[in-house]
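Colleague: I would love a close look at one part of this protein. Could you take me through a helix and its packing partner, and then show me a few residues elsewhere?

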Amino acid sequence: MIIKKLVMHNFGVYASTNILKFHGNKPVVLIGGMNGRGKTTILEAVLLALYGSNSFAYRESKFQTYGQYLKSYVNKSDNTLESYVEIEFTMDRTESEVYFVHREWEGKGQRVRERIWVKRNGEENAFLTENWPMFVENILPSALSNFFFFDGEKIAELAVEDTSEQMKESIKAMLGISVLDVLEGDIGKIISKIGRRSTVNQDLQKLEELRQEKNDAIKDLEKTDREIAEISQQLIALQAELENKNTEYSVKGGDVIEQKHDLMSQRHENMSSLISSQELLIDMAGGELPLLMVTPLLNDIQKQGEVAHEQKVNHMALEKIQNLYDVFSDKTTNTRTFVDFIKEKMLIENQEDLYKLSDSTLYQVISLNNGRLENSAKKAKKLLAEKDRYQSRIKEIDNYLSVDIDEKALSGLFKRIKSLEKEIIEKGVELESLNSNRKTLHGVSMAAESKFNKMAESVLTSLETVDADERTLKYAHMAIEIISLYRIRLQERKTDLLAKTMTDCYKKLANKKNMVEKIVMDSETLDLRYLSDSGEEVAKKRLSAGEKQLMVISLLWALAICSKKRLPVIIDTPLSRLDSSHRQALVKIYFPNASDQTIILSTDSEIDETYYELIRESVGDEYTLKYSDKDKKTTIESGYFSWGGVVK
């Protein structure tokens, strides 16, 4: 099946008539658009055109009636309140058979009436118009459509859950196994009908009792399965609510309340440190630190002091020379001339001592100029920086402590959080009890079936000569026994093939190929198990969220392959929650090979320019959805986010 054209008239965000044509001869169709621009609406338009009220999009919606669902999609921009969707498709690329389906409705009045007509090869076909639901169910049963038309976000949610009963029933239907359940049920109705109108011997009555006992055991098991599924969903909802409440508690200041004592202690410590820094700065300000402002004067004082000191030493030396000269006995003209020269020289170089520094004072000045003042400046800067840091931290803590906190509301939230935690524990215990009880019921069911089969075999040997009803009963029971055996063999063969195909698909997509070497499926329960290359089971919790999502995609891909249905695949939000390596695997491997036609509805942050270049060779058609805030509508343009055109 290949979709050739989709038309949406006044449907959702699409005002007036909007057409998507798919004429490319390559498997991938890219439709890009930002969130809220109408990508999901395209998926729902396809489902609505094909299935009408049987669409899973309607069944999973919040609307109680199909009329309300249709009315919600009426675009009122042109005031006609008239909407329709059309789809044109072929059964293969040869276009030997072209089908056209048109559905229209009006949003006027309380009741909404839908009209449909179908064309085959361009001509209206009354039979198909009247029997379209039956015809489309034969092509692609609506119960299986979510394997081909799916939302990546829902796949991501499905990936974190165990295989649900609904998924298992869908797998059976996809593999053609569920038809045996229907057949066995129909034969059981025949047996019950004959049993009510016929007089049967004691063995047949006993056999009927055993059959009823077996059916009751199966019903008990199915009831427990439903209870397990219900409790599991409740547990998921409670855990989600607990997470939201914890977040709300934190946002409203719950963490601040719990940390208040620590914050007050931190404030006290920072305030003490701030006061200490301020006291040290005051001490420095009362000491030598202000001398930094007169550094040039200090240098001048040092120079003047050093000159004065040198003159003082010279005078002392001259005085010593004069004293020695006075007692010197061999005086001559030359010695006297030398002494006079020294006196004259010192008299010329003599300068006024402005500051009259003592030796100790001069030493202090030299010490200040040679590093002490510089060290004091560095210490003062460090203390100022610490003071700023303590003040900033005190201000930050004060801001935390000044938050307007509704302690009454927080108290209510805290109580709800504790209540939820208690409920989760109780539900967990209840779920564990149900799982334990299921094992017992499963044993009872197997025992009842075994007793029934043995009794049926015994009864069949005694029914050599019977009337028409007895012969019917004989062969009906024989048929049920054969169906039971055939179901086991068929399910084993189908599940083995499905598991092998799923393994191949997963290995093509996953990075950690050495972690999961083989996937096996229990032929009875349809539960999946993952095995390493050494044959040991790989716990599901060891897989990342992205790898779990790849597992679900591998299962969908394998089901599509094993069902041998050549149908289009439509994927909305295709790369949800996947990292770059897993995204690349889907883009390069899955999308081009998922089907003869794979329609991808993506934002520019999923199939971005990089992934677009990777998949471009496989793209046959591409469009971009443009939304006008002014007109409140979406229009369709050729090209994918204007990153290039289709490779011819």
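Modeller: Happy to! A residue counts as buried here when its relative accessible area is under 20%, as exposed when that value is over 50%, and as partly exposed in between. Please keep in mind that this is a predicted model.

Let's start with helix α15. Of the 19 residues in α15, 17 are buried, so by that cut-off the helix is mostly covered. Its length fits too: at 1.5 Å a residue, 19 residues should span 27 Å, and the C-alpha atoms at the two ends of α15 are indeed 27 Å apart. Just after α15 comes Lys564, with a positive phi near 60°.

Now for the partner. Two packed helices are described by the angle between their axes and the distance between the axes. Helix α15 covers residues 545-563 and helix α16 covers residues 580-593; their axes come within 12 Å and cross at roughly 5°. Angles under 35 degrees count as roughly parallel, which means that α15 is roughly parallel to α16. On the α15 side, the contact is made by Gly546, Glu547, Leu550, Ile553 and Trp557. Helix α16 contributes His582, Leu586, Ile589, Tyr590 and Asn593. Sorted by character, the residues of this contact are six nonpolar, three polar and one charged.

To set this pair in context, the protein has 17 helices and 14 strands. Of its 648 residues, 41% are buried. Among contacts with a separation of 6 or more, 72% join residues 24 or more positions apart. The protein exposes about 36,300 Å², with carbon and sulfur atoms supplying 51% of that area.

Two residues in other helices are worth a visit. Thr503 sits in helix α14, which runs over residues 468-509. Its relative accessibility is 7%, so Thr503 counts as buried. Setting aside residues up to four places away in sequence, Thr503 touches Glu517, Lys518 and Ile519.

Glu449 belongs to helix α13, residues 407-462. With a relative accessible area of 24%, Glu449 is partly exposed. Beyond its neighbours within four places in sequence, Glu449 is in contact with Lys214 and Ser484. Glu449 and Arg211 are 238 residues apart in sequence, yet their C-alpha atoms are 7.9 Å apart in space.

Finally, back to backbone angles. Most residues other than glycine have a negative phi, and most peptide bonds are trans. Ser16 is not a glycine, yet its phi is positive, at about 55°. Ser16 lies in strand β2, residues 14-21, and is partly exposed, with a relative accessible area of 36%. Leu81 is not a glycine either, and its phi is likewise positive, at about 55°. You will find Leu81 in the loop between α3 (66-72) and β4 (82-90). Leu81 is partly exposed, with a relative accessible area of 22%.

If you go back to the helix pair in the viewer, try following α15 from Gly546 to Trp557 and picking out its contact residues, then do the same along α16 from His582 to Asn593.

Key. Residues are numbered from 1 along each chain as its sequence is written. This is a predicted model: local features need pLDDT of at least 70, side-chain atom pairs count only at pLDDT 80 or more; totals for chains, interfaces and linings use all residues. Side-chain values use heavy atoms; hydrogens and water are left out. Axes are lines fitted to C-alpha atoms, for helices over the stretch in contact, and angles run from 0 to 180 degrees between N-to-C directions. Helices (H or I, at least four residues) and strands (E, at least two) are DSSP runs, numbered from the N terminus. Angles under 35 degrees count as roughly parallel, over 145 as roughly antiparallel, 65 to 115 as roughly perpendicular and the rest as oblique. Contact means heavy atoms within 4.5 Å. Ala, Val, Leu, Ile, Met, Phe, Trp, Tyr, Cys and Pro count as nonpolar, Asp, Glu, Lys and Arg as charged, and the others, Gly among them, as polar. The expected span of a helix is 1.5 Å times one less than its number of residues. Buried means under 20% relative accessible area, exposed over 50%, partly exposed in between (1.4 Å probe, protein chains only). Accessible areas come from the Shrake-Rupley method with a 1.4 Å probe; for residues, only the protein chains shown count as cover.
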